[in-house]
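Here is a quick tour of one model, stop by stop. Keep the viewer open and follow along.

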Amino acid sequence: MEPVIQELIALLQIGASSGDERAVADALRGKLEEIGFTVTEDDAGSRLVEKCGIEGNCGNLIAVLEGGAPGSILFTSHMDRVANGYNIHPQLHEDGLLTSDGTTILAADDLSGAMAIVEGVRRVKASGKPFPRVEVVFCIAEEAGLWGSHLLDSSSLQSKIGYALDSPGRLGRIISGAPCRACLSCEVFGKPAHAGVSPELGVNAVTALGKVLANLRDGRLDEDTTANFAFLSHGCQSINIVQEYAKVEGEARSAHQEKLEAYIEYFHAYCRKAVEGTGATVKTHAEIGFESFNISDEQPTVRLAKQVFQDMGIPSVAERLGGGMDANNLNSRGIECVGLATGYDKNHTIHETLNTKDFVGACEAVERLIWAYAATV
């Protein structure tokens, strides 16, 4: 077993979740400082609760390694994971696949990305040759809605080009686009009354919300745009009271900002119209959480990645992702950033796997990307 795989397995066994990345951050910080990085931690963890209700115990790690050559290149991955990410027992199989023991996720999403970044830069540093400034950002709370990168203190970053090692698929997959997303909610306000004695005196917010949901456009709206409403809540838990409050929460995504904004405008108007005549009122809210990005094959990030994979003898494809990633927020800050697959599959489930050959290749790809970028500066 290659030492870097052993190192990854040890990292995978450190429990974590969105808001509880402290132990993973400490482990990664140690690895970065051993290479020679200057590592700082921002205050994103303390600000999570105001954004998404999560109490954070750790901020984003921002690491800088000066190499003495011109230019600056950035690599990023996230330190959190979805639920069921504690007490992981990785299993390496004869076919080279790494899995959990079947009771938890594996957390290759996204520690395989973090470890590939560490190992790739470690090799560059060990070469003894001058290299460009390398910036590494390890984010918190990505799985909770990209909140770590949203709250990232990027004031010290100099890079204009970056790579997020965070995508399912085989090595060679390049994520050159991802949608923007808005969080949506509709609150309905009615009037309480005794449901058996005087229901006519009440206004049922649940019934009014049903009218909202009956014809609200959701699912696949067009080739670029989706909407989904997932959470329902209400006030009183008793069935003998006409409900005075009900709420639905959901999201909308689109590859194009103008389409998302058009849906938001529709959502506000539709909800108000849907409750007309019921006696209820509504309050709608929409907040764009992250912007979309679409990077062409001719732009530097994709061009360099394709060159590196070609040199490695690996077929590559640049395609758009249906979900968001930290690259969304980095692009919105002026850092051209695309995603790279590291070989994991079935992430977010107990069936998650990591192709260790692809993972080792991702380590090499990070190393090669730094040298390929250096040749362009």
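## His-348 and other backbone oddities

His-348 is partly exposed, with a relative accessible area of 42%. You'll find His-348 in the loop between β17 and β18. Its backbone is worth a look: the phi of His-348 is positive, about 75 degrees, although this residue is not a glycine. Most residues other than glycine have a negative phi, and most peptide bonds are trans. Do keep in mind that this is a predicted model.

Ala-107 is another case, with a positive phi of about 75 degrees and, again, not a glycine. Ala-107 belongs to the loop between β5 and α4, and at 0% relative accessibility it counts as buried. A little further along, Asp-109 and Asp-110 are joined by a cis peptide bond, with omega at about 20 degrees. Asp-110 lies in helix α4.

## Helix α4

Helix α4 covers residues 108–126, 19 residues in total. From first C-alpha to last, α4 reaches 26 Å, close to the 27 Å expected at 1.5 Å a residue. So is α4 out in the open or enclosed? Of its 19 residues, 15 are buried, so the helix is largely enclosed by the rest of the structure.

After α4 comes Gly-128, with a positive phi near 80 degrees.

## The sheet next to the His-348 loop

The loop that holds His-348 runs between β17 and β18, and both of those strands turn up in an open sheet of 4 strands. The order is β4-β5-β18-β17, and the pairing is antiparallel. At the edges stand β4 (91–92) and β17 (344–345), each with a single partner strand, so one side of each has no neighbour in the sheet.

Inside that order, β5 (residues 97–99) and β18 (residues 353–355) pair in the antiparallel sense over 3 bridges. If you want a spot to zoom in on, Leu-98 stands opposite Leu-354 in β18.

## Nonpolar cores

Which residues of the largest nonpolar core touch the most other members? In this set of 89 residues, they are Phe-37, Phe-75, Phe-138, Tyr-163 and Phe-359. Helix α10 (residues 356–374) supplies the largest share of this core, 10 residues.

Tyr-163 is a good place to start exploring. Leaving aside neighbours within four places in sequence, Tyr-163 is in contact with a list of residues that includes Ile-73, Leu-74, Phe-75 and Thr-76. Also among its contacts are Pro-300, Thr-301, Leu-304 and Ala-305, along with Cys-337, Val-338, Leu-340 and Leu-369. There is also a second, separate core of 26 residues, and among them are Ala-182, Ile-264, Cys-271 and Val-275.

## Salt bridges

The count of salt bridges comes to 21. One of them pairs Arg-29 with Glu-33, where the closest N and O atoms are 3.1 Å apart. These two sit 4 residues apart in helix α2 (residues 22–35), about one helical turn. Arg-29 is partly exposed at 25% relative accessibility, and Glu-33 is partly exposed too, at 41%.

Back on α4, Arg-123 meets Glu-367 in a salt bridge at 3.8 Å, N to O. This pair links distant parts of the chain: Arg-123 in helix α4 and Glu-367 in helix α10, 244 residues apart. Arg-123 counts as partly exposed, at 24% relative accessibility. Then there's Lys-259 with Asp-224, at 2.7 Å, N to O. Lys-259 lies in helix α7 (residues 257–274) and Asp-224 in the loop between β10 (219–222) and β11 (225–234), so the pair ties together parts that are 35 residues apart in sequence. Lys-259 is partly exposed at 28% relative accessibility, whereas Asp-224 is buried at 12%. Finally, Glu-7, Lys-31, Glu-119, Arg-122, Arg-123 and Glu-367 are joined into one network by salt bridges that share partners.

## A buried glutamine

One last stop is Gln-243, in the loop between β11 and β12 (245–254). Gln-243 counts as buried, at 8% relative accessibility. What is Gln-243 in contact with, leaving aside its neighbours within four places in sequence? Val-203, Asn-204, Ala-205 and Val-206 are among the contacts, and so are His-234, Gly-235, Cys-236 and Ser-238.

Terms used:
Residues numbered from 1 in each chain as written. Predicted model: local features only at pLDDT ≥ 70, side-chain atom pairs only at ≥ 80, totals over all residues. Heavy atoms only, no water. Expected span 1.5 Å × (residues − 1). Buried < 20%, exposed > 50% of the residue type's maximum accessible area, 1.4 Å probe, protein only. Core = buried A, V, L, I, M, F, W, Y, C linked by side-chain atoms within 4.5 Å. Contact = heavy atoms within 4.5 Å. Pairing = 2+ DSSP bridges. Salt bridge = Lys/Arg side-chain N within 4 Å of Asp/Glu carboxyl O.
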